[in-house]
Amino acid sequence: MRKITNEELGRPTPEEYAVMAKMPVTVVLDNVRSAQNVGAFFRTGDAFAVEHVALCGITATPPAREIHKTALGAELTVPWSYHASTRECVDRFRAEGYEVWAVEQVEGSVSLDRFVPRPGTRYALVFGNEVEGVQQEVVDRCHGAIEIPQAGVKHSINVSVSGGVVLWRFFEELSRK
């Protein structure tokens with residue numbers, strides 16, 4: 001096997017990326033404290049062509065060296081916005097017709113392996129703080145919650161890793177349809 005060069009991968013230019021079709025998913029980061037996790041979300045968001053990243057509360061915003069370190073420039077191509085309040089951000093997305101889902105371990109959550117995103121539906125997926133998770137007042141405003149099935153002792157995954165798992169699932173399901 002020979003490794004494929006970046007040129008052979010046929011990546012779009014930033015200009016092509018800006019106008020290409022995006023997955024109908026917005027990522028909402030609820031008080032994510034690590035700028036490196038924020039950068040990882042931008043990079044993963046770019047990989048799966050999410051339409052937007054909403055940065056809320058204490059979540060770091062570009063330009064920031066620590067974000068750029070993990071985003072590798074994706075913070076320049078993935079559209080983003082800042083919101084002082086995650087609650088108000090979620091209310092705005094609901095008003096715009098999004099289905100808002102917390103990625104959180106809560107009563108009545110839907111296991112990710114059983115969740116099937118519907119074509120034609122716009123989603124806002126809320127990922128929470130590394131210690132506290134998604135705020136309860138935000139969970140209360142969501143249409144539901146998605147939980148990643150886990151088998152280990154910790155029952156916890158780094159927030160940016162959980163973003164990769166969930167966004168892959170949405171990308172895989174929505175790309176088929």
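This passage describes helix 6, the nonpolar cores and some backbone features of a predicted model.

Residues are numbered from 1 along each chain as its sequence is written, and side-chain values use heavy atoms, with hydrogens and water left out. As the model is predicted, local features need pLDDT of at least 70 and side-chain atom pairs count only at pLDDT 80 or more, while totals for chains, interfaces and linings use all residues.

A good place to start is helix 6, which covers residues 159-176; helices (H or I, at least four residues) and strands (E, at least two) are DSSP runs, numbered from the N terminus. The expected span of a helix is 1.5 Å times one less than its number of residues. For the 18 residues of helix 6 this gives 26 Å, which agrees with end C-alpha atoms that are 26 Å apart.

Val 159, Ser 160, Gly 163, Leu 167 and Phe 170 are among the buried residues of helix 6, where buried means under 20% relative accessible area, exposed over 50% and partly exposed in between (1.4 Å probe, protein chains only). Their cover includes strand 1 (23-30), helix 2 (35-47) and strand 6 (123-128). Ser 162, also in helix 6, counts as buried at 8% relative accessibility. Beyond its neighbours within four places in sequence, Ser 162 is in contact with Phe 127, Ile 148 and Ile 157, contact being heavy atoms within 4.5 Å. Val 165 of helix 6, in turn, is partly exposed at 31%.

Turning to the interior, the largest nonpolar core has 33 residues, of which Val 25, Leu 29, Phe 42, Leu 125, Phe 127 and Phe 170 touch the most other members. Such a core is a set of buried Ala, Val, Leu, Ile, Met, Phe, Trp, Tyr and Cys residues joined through side-chain atoms within 4.5 Å. Elements giving two or more residues to this core include strand 2, helix 3 (65-71) and strand 4, and helix 6 provides the largest share, 5 residues. A second, separate core of 16 residues includes Phe 93, Val 126, Val 138 and Val 139.

The backbone offers a few details worth a look. The peptide bond from Pro 62 to Pro 63 is cis, with omega near -5 degrees, and Pro 63 lies in the loop between strand 2 and helix 3. Two residues that are not glycines have a positive phi: Asn 31, at about 55 degrees, and His 155, at about 50 degrees. Asn 31 sits in the loop between strand 1 and helix 2 and is buried at 17%, whereas His 155, in the loop between strand 7 and helix 6, is partly exposed at 41%.
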